[in-house]
Structure formats: C-alpha cells, structure tokens
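This briefing is intended for a structural biologist who has the sequence and the coordinates at hand. Please read it alongside the display below.

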Amino acid sequence: VGEDEHCSESGQSTPLDWDFSIRLSAELYPHDRVLRACYSMAERASFWLDKQEGNIVVHCRAKDRGASRSALQNELLDALIDHSLRQAIEAQTTGIREVLVRTALAEARSP
Amino acid sequence: MQLADTQAPERRPIFEEASKFEGARPYRLLPFRFTRLPGSERLLLVSEVGEHIFLPRPELEALVAGRLGPEHPAFLDLEAKQFLTKTDDSAAVRLLAAKYRTRKSFLRGGPSLHIFVVTLRCDHSCAYCQVSRQISTKHEFDMSDAVARAAVDRLFEAPAPVLTVEFQGGEPLLNFERIKSITDDVSEPAAATRRSVRFTIVSTLHHLDEEMLRFFKHHNFHISTSLDGPAWLHDRNRPAPGGAAAARTLEGVRRVRDALGHEAVAALTTITRESLAHPEAIVDAYVESGFSSIFLRPMSPYGFAVRSARRTAYRMNDFVEFYRRALDHILRLARTGVAIQEAYASILLTHILTPFPTGYVDLRSPAGAGLGALVYNYEGGVYASDEARMLAEMGDDTFRLGDVRQRYAELMSSPAMAVLMNAGVAESLPGCADCAFLPFCGGDPIHTYGQQGDPVGHRAKSDHCRRHTGLFQLLFDYLADGDPETLRILTSWATPWSQAPMSLQ
C-alpha cells in the first residue's frame, strides 16, 4: 500500500498517519482473525482496518514513537500466522470442546 | 507515512482445511491453546484441562495438519496429555470431562470464603491503604451485633460444606468482642451441621494480648499479617503511632508462634515504588524473621492508594521485573537449603502442575467474586469481594449484592451478580479466550472495573493481565529450561495446600 493509499473504499481518510500498512487476502486471513491479531497487540500499536478490492488492509502505528517499525511488522505477521493456526485448531476441536464442557458441567450437577 | 509493507507473505493457504484430512489422519486433535514464550524457540501448548507441553513450531504445525507421526518423540506425550486421541471421541471426552470437572470443582457448593469486616478503625496511616480506614476512636464504624448475627445467618444459607471465616478491618483486633461473638455463633451450628470451618484473621498484631492468643488457639485460627520487608521500609510504608511498626508486628509474630505454633502465622508484602529496588533485601528480611513463605503483592488501585497514586504508583511491568529478581533470589536460597517459597508462585504452580484448583478466589473462571466469596461490611452491606467493598467506600455500589438482612438466594440473584456472571467467564472474554494461560488464570471483573470503568475491559490496558501474563511466562521459562534442581523446588511448591478458601489480603 503506497503512502497515498490510506483511504477506505468509501473514500474516507483514516484518522492517523500510519507507520506501515499491509494488505491481506480476506480469503486467507478471515476478518475475525485479523481483528484478534490486532487486539493482541493493542498495548503497543493502534490499528485501522479497511477493505480494498476484496482484501483487508491493516494500517498500523506504534504507540511508542521510538519503537522499531520492523519489529512491529514482524510481530504483526507472527500474530496473524498464530491466529490462523488457532483457527485451524478450533475448526478441528470446537465440537469436542462444547461436548466436553457440557459433559463436565452436567456431571457437576449430580451428587 | 512511511511505506508500507506489501502483500502478505504467501498466497497459498497456510493451513489446509480440516476436511482435506478426514479419514486419513492417524489421530484427532483435542482442544488446546498455544503461545510463544519470549526468547524461546519452543512454543507452549496448554490443553483445555491445563496439561502442558513444549513443542518446536514445525512440530506444532505438523500436529495441526495431521502429519505428526506416532514415531515422533513427542507423540506419546501428546497422547498421554490428551492433546490428541487415536481412540474414539467418546472415551476421550469422558476422561477430559472428569479432569475439567476436577479443575472447576470450586463451583460446587457456592461461596465458601466469608469475610467479616468487623471495623473500619485502624491506627496505621499507610499511604497505599486499600481501605477507607477511620480513626481508632470512632466506634460507629464497628460491626453491630445485629449485623453480625444476620451475616452468620447468610453464611449458613450458603451450601458450601467447607467454610473459611476471615476477619478483616481496618484493624480487626480493635473490635475483638465482635470477633469472639461471630466465632462462637459460627462454631456451634457448624459442628451440628458437620461443616468444616477454618478461622483466619488479617491483622497488624499490634493490639494482640494474652486473651486474644488463648481464644485464637482454642479456635485454631490462622493469622495473616503484613510485613513489607526490612524495618526501615516497613516503617516508611506503614506509619503507626509511636513508630517502630515493624518491630511491633514482629513481636506479635513471635507471640503467635509461641502460642499457636510456628506455621500459624504468615505474612504478605505490599510492593511500593520504593520496594521495587530491593527484592533481595525484602526476601532476606523474611528469612531472618523465620518465615518459610513470602507473598509479594502489588498495590491495588483502591481506597487511600488512589489518593497517593502520583507518588506511590508504578507500572505493572516494573512489578513483574521486581518479581523476577525476587524469585531468582528465592530459588538461589532454596538451592542452598533455605526453606522459603513465594506464596503466589505456589498458587500458580499448583494450577499449572496439578489437576486441582486452589482456594484462591481471585484467579478463577467463572470469577470467584460472589460465587466463591462474600464480604459482610461493618454497616451491613454484602459485597462480592473486598475490592467491591472498597469501590463502595469510594462511592460506587456496582458490586454491592445487597444487605445482610436479605436472604442468600436474593443476594445471589442480584443485579451485581448478573454483571459478574456476564463479565466473569474468562473463556468468553476477548483476549482471554485465545490465551494459553487461561486454564490457570481467570478474569477479575471487579479489578478491571476499578481500573477501566468496565468489567470486561481491554486486555491491553489490564494490570491483571500484564501481571499474570508476566508471571506465567516467568514460571514457564523455568519449567522449559528444565534444570533438575529448579524443577524439584518448584514442584515442591505445587501442592494442594491452598485448597482451603482464602483471599490473601
């Protein structure tokens, strides 16, 4: 994403100057997982999410203005990969988790 | 704006769809979470019921993709700890459910910790005091007999078979007559209904006399006091009339040990900004005073601590660094045969290394406030926790369940409990739901509300989250490192000793 491209599809400007932006395939990185990755880094950075031609664009700005931009980029990419992996785990185990909790709490009702 | 990174690194799917492997997988995954540990090549995997294993990243990806072969060295461990199953789901779920039920067994029986605030009077003037103390001659801040009797009635309406009755203040010994009447009113019906009761008191011990000691011995009290480290630091943190606060507390400790036994008294340390530079000296002061345990507690954002925050507050990251140094020192001492442990690490390690919950009500999901503990204030208010009472003293009644004259069922179905239930299940909280430490931790909606004005809050702004993430990372660093002597020491701390309900105030 170039410097002149931090506008949303609707043409509204984003509210800050961003340190960097990345464009993600919405097919590979579901919106929910991108949000979770951004949430996990919210202590260190501010984010603005946008949509462009079917992609999710993540704009990022470090809260500590002295922070390393490359370290922040690496952290965001790691977080995105981690949350994608978590999604793969959840997809295989969500049903079991629900049965597990229901079974355990049903047992807890018995004497 | 500086430029922009470009596209995401890869176009192809990172992890194949689960359906692609149906029928071909040699195993099925069971629920777990994972996290990176700073400075480690290996990831920490934690199962839904709290089993853990360390695994390099490629092996985790192979595990999730169904490609980890049974010949892999970690495969048997993953199977034994139920990260995967080769057998049918129903057997695995039954076994996991039994473990889950054990880990959540604190849910049975309702509130078992009942805190009686018998007076707000106190003669100390600690800058970090969480309570709205009153001067020691204002008897209108004492709990009346009528309030005490109604509170005891509520206590027996709660169904818990094991009860802890904790006396707090102010300085509770300034209203010793009320402590006596409540203890007597609880002891007899408890015996008649075959309920087990443990009595505890949180006191400076400055007002201790022989009659009190005889009473405490008769009822097998456990005594908790505050000692902030070396005398110079304690006396600065906890000014008392006549000075020498540390010496007078230590004299009280000696008398309790003589009368009730050495282990009948424990102490906790509130860490002030001034304490941060002296972790080793604080631990050494505990060793010199004959304590086998120290509890390092950060300041809480309540009561007088709010007013003095500008000169006493510090960042939670500074506390975690302080804690790391203190724990390093404790482990060094332990390796030389000095028997001292850190009480909070002991609780966390019990959560990590055993299948059991502890009696510690502030680290549970659903939250222990209200479900695990009730606080009866001197004036008759019933609160979900001590922090809820402190908020009320600051003018915010959000977590006031009601009055001691209301029935238990009414208190437990109060709007305040509804707020706690909505915000107190960590499994459904943003950030917590993805956290690998979740099975050992818990949300703290009242603390979060006190800090952020919202019981759910944002993890990025949460001191509760910063503190516990930092502490869990530290402990797992030790466990991952695998030094046999360190593991022996930490494992010895992880015992179900702490299953009796407690507040660690």
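The points that follow are grouped by topic.

The model is predicted. Chain A comprises two helices and three strands, while two helices of chain B, α3 and α8, each place their buried residues on one side. No disulfide is counted over all chains, and the whole structure holds five cavities of 30 Å³ or more.

**Chain A**
- The secondary structure elements of chain A are arranged along the sequence as β-α-β-β-α.
- Chain A has 111 residues, of which 44% count as buried.

**Helix α3 of chain B**
- Helix α3(B) spans residues 89-103, 15 residues in total. The distance from its first C-alpha to its last is 21 Å, close to the 21 Å expected at 1.5 Å a residue.
- Its buried residues are Ala92(B), Val93(B), Leu96(B), Ala97(B), Tyr100(B) and Arg103(B). Because these residues cover an arc of only 135° around the axis, they lie on the same side of α3(B).

**Helix α8 of chain B**
- Helix α8(B) is formed by residues 245-260, 16 residues in total. From first C-alpha to last it reaches 22 Å, close to the 22 Å expected at 1.5 Å a residue.
- The buried residues of α8(B) are Ala245(B), Ala246(B), Thr249(B), Gly252(B), Val253(B), Val256(B) and Arg257(B). Their directions cover an arc of only 135° around the axis, so they fall on the same side of α8(B).
- Ala244(B) is found in the loop between α7 (231-237) and α8 of chain B. Its phi is positive, at about 55°, although Ala244(B) is not a glycine. With 38% relative accessibility, Ala244(B) counts as partly exposed.

**Other backbone features of chain B**
- Most residues other than glycine have a negative phi, and most peptide bonds are trans.
- Gln82(B), a residue other than glycine, has a positive phi near 60°. Gln82(B) sits in the loop between α2 (75-80) and β5 (84-85) of chain B, and is buried with a relative accessible area of 7%.
- The peptide bond from Gly169(B) to Gly170(B) is cis, with omega near 25°. Gly170(B) belongs to the loop between β7 (162-168) and α5 (176-192).
- A cis peptide bond also joins Ser365(B) to Pro366(B), with omega near 0°. Pro366(B) is in the loop between α13 (343-353) and β13 (373-376).

**Cysteines**
- The count of disulfides, taken as cysteine sulfur pairs within 2.5 Å, is zero over all chains.
- For Cys38(A), the closest cysteine sulfur is that of Cys60(A), and the separation of 7.6 Å is too far for a bond. Cys38(A) counts as buried, at 5% relative accessibility.
- Cys465(B) is likewise in no disulfide, with the nearest cysteine sulfur, in Cys432(B), 6.2 Å away. At 22% relative accessibility, Cys465(B) counts as partly exposed.

**Cavities**
- Rolling a probe the size of a water molecule over the atoms shows where empty space is left.
- The second largest cavity contains about 180 Å³ of space. Its lining has 18 residues, and those closest to its centre are Arg103(B), Lys104(B), Leu438(B), Pro439(B) and Cys441(B).
- By class, nine of the lining residues are nonpolar, three are polar and six are charged.
- Arg103(B) links two of these topics: it is among the buried residues of α3(B) and among the residues closest to the centre of the second largest cavity.

Definitions and conventions: Residues are numbered from 1 along each chain as its sequence is written. Chains are lettered from A and ligands numbered from 1 in the order in which they are written. This is a predicted model: local features need pLDDT of at least 70, side-chain atom pairs count only at pLDDT 80 or more; totals for chains, interfaces and linings use all residues. Side-chain values use heavy atoms; hydrogens and water are left out. Helices (H or I, at least four residues) and strands (E, at least two) are DSSP runs, numbered from the N terminus. The expected span of a helix is 1.5 Å times one less than its number of residues. Buried means under 20% relative accessible area, exposed over 50%, partly exposed in between (1.4 Å probe, protein chains only). The arc is that of the directions from the helix axis to the C-beta atoms. On a 1 Å grid over the protein atoms alone, a cavity is a set of points where a 1.4 Å probe fits but cannot get out, and a pocket is an open set with protein on both sides within 12 Å along at least five of seven lines; lining residues have an atom within 4 Å of a point. Grid points are joined across faces, edges and corners, and a volume is the space filled by probe spheres set on the points. Ala, Val, Leu, Ile, Met, Phe, Trp, Tyr, Cys and Pro count as nonpolar, Asp, Glu, Lys and Arg as charged, and the others, Gly among them, as polar.
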